[in-house]
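Got the viewer open? Let's take a walk through this one, a selection at a time.

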Amino acid sequence: MKQFQPLVFSGVQPTGNLHLGNYLGAIRKFVALQDKNDCIYCVVDMHALTAQLVHEDLKEQTRSIAAAFIASGIDPKKHIVFNQSAVPGHAELAWIFNCVARIGWMNRMTQFKDKAGKDAEKASLGLYAYPSLMAADILLYRATHVPVGDDQKQHLELTRDIAQKFNLDFADHIRKSGEGVDIKVGDEPVHAYFPMVEALIDGPAPRVMSLRDGTKKMSKSDPSDLSRINLMDDADAISKKIKKAKTDPEGLPGETDGLAGRPEADNLVGIYAALADTSKADVLKEFGGQQFSAFKPALADLAVTVLAPIHAEMRRLMDATDHIDAILKDGGERARARADVTLKQVRDIVGFL
Ligand code: TRP
């Protein structure tokens, strides 16, 4: 029986500098997945226009995300690393999905509401349609698994809704095309063209919070650069930021219960655990009872040990843009070849001559 080939797809938007939260929450997961899976990792430069229409240097930002992928260990020969705009099929499929998705579905997207702010009338149509383009990114390759942060869960549900409606609305055409796959959605058998994607949200990825305020997520849009560790920070900058990180006056507890109500302490212990690939409980076994004056230098050393090689490789790649451009071009060609197979079938299913 025909089945969907397992395929991992994810995207990162080239807006602002990548920080520790992006690394621990996303990129490190991408790296871990590549051993056992076929993976496509995309720099979503078309999505970047929804955040800001005119960028100082979008090309440079795109390269830097690709450089971070590669410097972190993603193999662009075994897998595909490319920028979204290199494959026009993303836009073409997004249009079809714009016609599949319902306005009511889009109106429920919390990220749109957050980003559009008070005056949603002034938001761009692109920002509104963002989740439809995201669905197209994934389904253009008929990808089955998507590693993303918690904040993208709703967009993945929408992706499934779009796939489901497409599969049902075009059921007869899908059957005629001979390209469908029999799957079950809940208990219902469906002859599907698009798979029901699964989010890969679990795993050790911690929520990395701001170094200045343990209740806020580490973010590239925080005005204070001291709030985050950027992948492009050098060892001195990393150490300085950890030294200046906000803490409370108490020492470290011996057990994780003692972190309750202490967001800054919890965050620093969580970052240590993630960088060391261990649990907070284990970190506290080692550091419980110690003061931050002892813990912070250990954390800084660890952060530098993990991030310095990535930083150095990113720098090297960013200094030789020919190399990174060649990787993106090659990835784009390979992505396009795969996308074209899907698009040809989708055009046939939809009825385009
Ligand atoms: N919306 C995602 C984010 O902000 C980025 C993204 C775009 C994406 N297309 C995607 C993620 C496809 C996963 C799959 O993080």
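Start by selecting Cys39: is Cys39 buried or exposed? Cys39 is buried, with a relative accessible area of 0%. Keep in mind along the way that this is a predicted model.

Now add Cys42 to the selection. Cys42 is buried too, and its relative accessible area is likewise 0%. Why is there no bond from the sulfur of Cys39 to the closest cysteine sulfur? Because that closest sulfur, in Cys42, is 13 Å away, too far for a bond; a disulfide needs the two sulfur atoms within 2.5 Å. From the other side, Cys42 is in no disulfide, its nearest cysteine sulfur being that of Cys39. The disulfide count comes to zero.

**Zoom out**

Switch to cartoon and take in the whole chain. You should find 14 helices and seven strands. The radius of gyration is 22 Å, close to the 20 Å that the globule rule gives for 353 residues, so the chain is as compact as a globular protein of that length. Turn on the C-alpha trace and line up the principal axes: the span is about 70 × 45 × 45 Å.

Colour by accessibility next. Buried residues account for 49% of the 353 residues. Then bring up the surface, where the chain exposes about 17200 Å², 52% of that area coming from carbon and sulfur atoms. If you draw a contact map, look at pairs at least 6 apart in sequence: 77% of those contacts join residues at least 24 apart.

**A patch on the surface**

Select Leu49, Leu53 and Val54 and show their side chains. Together they make a nonpolar surface patch of about 330 Å². Centre on Val54, which lies in the loop between α2 (45–51) and α3 (58–71). Val54 counts as exposed, at 64% relative accessibility.

**Along to helix α3**

Follow the chain out of that loop to Ile70, which is found in helix α3. Here the accessibility is 14%, and Ile70 counts as buried. What is Ile70 in contact with, leaving aside its neighbours within four places in sequence? Show Pro76, Leu317, Ile324 and Ile327, and you have the partners of Ile70. For a sense of distance, draw a line from the C-alpha of Ile70 to that of Met209: the two residues are 139 apart in sequence and 25 Å apart in space.

**Over to helix α6**

Select residues 110–116, which form helix α6, and pick out Gln111 in it. Gln111 is buried, with a relative accessible area of 14%. Beyond the neighbours within four places in sequence, Gln111 is in contact with Tyr130, Asp151, Gln152, Gln154 and His155. Show those side chains around Gln111 to see what it touches.

**Last stop: the beginning of the chain**

Finish at Met1, in the segment before β1 (8–12). Is Met1 buried or exposed? Met1 counts as exposed, at 83% relative accessibility. Now add Asp182 and draw the C-alpha to C-alpha line from Met1. The two residues are 181 apart along the chain, yet the line is 8.1 Å.

Technical notes. Residues are numbered from 1 along each chain as its sequence is written. This is a predicted model: local features need pLDDT of at least 70, side-chain atom pairs count only at pLDDT 80 or more; totals for chains, interfaces and linings use all residues. Side-chain values use heavy atoms; hydrogens and water are left out. Buried means under 20% relative accessible area, exposed over 50%, partly exposed in between (1.4 Å probe, protein chains only). Patches are made of residues with over 30% relative accessible area and no salt bridge: like charges are joined within 9 Å, nonpolar side chains (Val, Leu, Ile, Met, Phe, Trp, Tyr) within 5 Å. Accessible areas come from the Shrake-Rupley method with a 1.4 Å probe; for residues, only the protein chains shown count as cover. A salt bridge is a side-chain nitrogen of Lys or Arg within 4 Å of a carboxyl oxygen of Asp or Glu. Helices (H or I, at least four residues) and strands (E, at least two) are DSSP runs, numbered from the N terminus. The radius of gyration is taken over C-alpha atoms; the globule rule is 2.2 Å times the number of residues to the power 0.38. Contact means heavy atoms within 4.5 Å.
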